[in-house]
Amino acid sequence: MVDQDFNRADIRCVERFLGGDQRAFEELVLRYQRRVFNLSLRFVRVPEEAQEVTQEIFVKLFRSLGSFRGEAKFSTWLYMVAVNHCRNRLKYLNRRHYFTGESLDPMPDGEDDGPVRQYAAADPDPNDRVTAKETRQAVRRAIDQLSDDHREAIILRDLQGLSYEEIAEITGQSLGTVKSRIHRARSELAISLRPFVDAEGGT
């Protein structure tokens, strides 16, 4: 019910914007900018680059709102726009060999720290901030090492909290493919993190 209320509010904003109310678009930006930035950051991994990508996504959204038909939730449609843009930007950066050693330094802590830590089998002592930070960094490095398809699935499901059905709609994949990718990605993460978890358990 809450989700439906949010969608109705989004649609009202779109209708107001298309009717000439520029403030309605500002409301949409305020509502989604943090989520879009976090999504961009997980794709391109560098805060400054993610800020630029986020701005580009909202510029694209501004220009394409007239094509929104309400056949999907607005948030799902926005994610389609954002994910496609992030994919294209990532391909561009990879062609330019942007991701070299130093560019993959640990990202700043964000609001998705909770989901990030879930992959560590042994949750660190909450009083040990150094260990907690090392755990987050280890998980993020492991996520970065996944294939593009698997990393995208983890970003959308476990870091962005989207449902399997939403991810299928956003990515254009079948529900079975989405579930399979997420399962395989989680298995790969568990294997990658096992040495780290074992080392932490031995300290």
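At what angle do H4 and H8 pack, and how far apart are their axes? The first legend below gives the answer; the model shown throughout is predicted.

**View A. Packing of helices H4 and H8 in the predicted model.** The axes of H4 and H8 are 9 Å apart and the helices pack at an angle of about 55 degrees. Angles from 35 to 65 degrees fall outside the parallel and perpendicular classes, and H4 and H8 are therefore oblique to each other. The crossing of H4 past H8 is right-handed. On the H4 side, the contact is made by Thr 76, Tyr 79, Met 80, Val 83 and Arg 87. On the H8 side, Glu 166, Glu 169, Ile 170 and Thr 171 take part.

**View B. The largest nonpolar core and the surroundings of Leu 39.** This core has 49 residues. The members that touch the most other members are Leu 39, Phe 43, Leu 61, Leu 65 and Phe 74. At least two core residues come from each of these helices: H1 (2–18), H2 (22–44), H3 (47–64), H4 (74–95), H6 (129–144), H7 (148–159), H8 (164–171) and H9 (175–201). With residues up to four places away in sequence not counted, Leu 39 touches Tyr 79, Ala 82, Val 83, Ile 155, Leu 156 and Gln 160. Two of these, Tyr 79 and Val 83, also belong to the contact between H4 and H8.

**View C. Salt bridges of Arg 89 with Glu 49 and Glu 52.** The structure holds eleven salt bridges. In the one between Glu 49 and Arg 89, the closest N and O atoms are 2.6 Å apart. This pair links distant parts of the chain, with Glu 49 in helix H3 and Arg 89 in helix H4, 40 residues apart. Glu 49 and Arg 89 are both buried. Arg 89 also meets the side chain of Glu 52 in a salt bridge, at 3.6 Å from N to O. Glu 52 lies in helix H3 and Arg 89 in helix H4, so this pair ties together parts that are 37 residues apart in sequence. Glu 52 is partly exposed, at a relative accessible area of 36%. Arg 89 has a relative accessibility of 17% and counts as buried, because the cut-off for burial is under 20%.

**View D. Salt bridge between Lys 73 and Glu 166.** The side chains of Lys 73 and Glu 166 meet at 2.7 Å, N to O. Lys 73 lies in the loop between H3 and H4 and Glu 166 in helix H8, so the salt bridge ties together parts that are 93 residues apart in sequence. Lys 73 counts as partly exposed, at 23% relative accessibility. Glu 166 is buried, with a relative accessible area of 15%. Glu 166 is also one of the H8 residues in the contact with H4.

**View E. A network of salt bridges.** Four residues are linked in this network: Arg 16, Asp 21, Arg 23 and Glu 27.

**View F. Ser 147 and Ala 190 with partners remote in sequence.** Ser 147 is in the loop between H6 and H7 and counts as partly exposed, at 37% relative accessibility. The C-alpha atoms of Ser 147 and Ala 185 are 8.6 Å apart, and the two residues are 38 residues apart in sequence. Ala 190 has its place in helix H9. At 39% relative accessibility, Ala 190 is also partly exposed. Ala 190 and Ala 142 are 48 residues apart along the chain, with 9.1 Å between their C-alpha atoms.

Key: Residues are numbered from 1 along each chain as its sequence is written. This is a predicted model: local features need pLDDT of at least 70, side-chain atom pairs count only at pLDDT 80 or more; totals for chains, interfaces and linings use all residues. Side-chain values use heavy atoms; hydrogens and water are left out. A nonpolar core is a set of buried Ala, Val, Leu, Ile, Met, Phe, Trp, Tyr and Cys residues joined through side-chain atoms within 4.5 Å. Buried means under 20% relative accessible area, exposed over 50%, partly exposed in between (1.4 Å probe, protein chains only). Helices (H or I, at least four residues) and strands (E, at least two) are DSSP runs, numbered from the N terminus. Contact means heavy atoms within 4.5 Å. Axes are lines fitted to C-alpha atoms, for helices over the stretch in contact, and angles run from 0 to 180 degrees between N-to-C directions. Angles under 35 degrees count as roughly parallel, over 145 as roughly antiparallel, 65 to 115 as roughly perpendicular and the rest as oblique. A crossing is left-handed if the near helix is turned anticlockwise from the far one by less than a right angle, and right-handed if clockwise.
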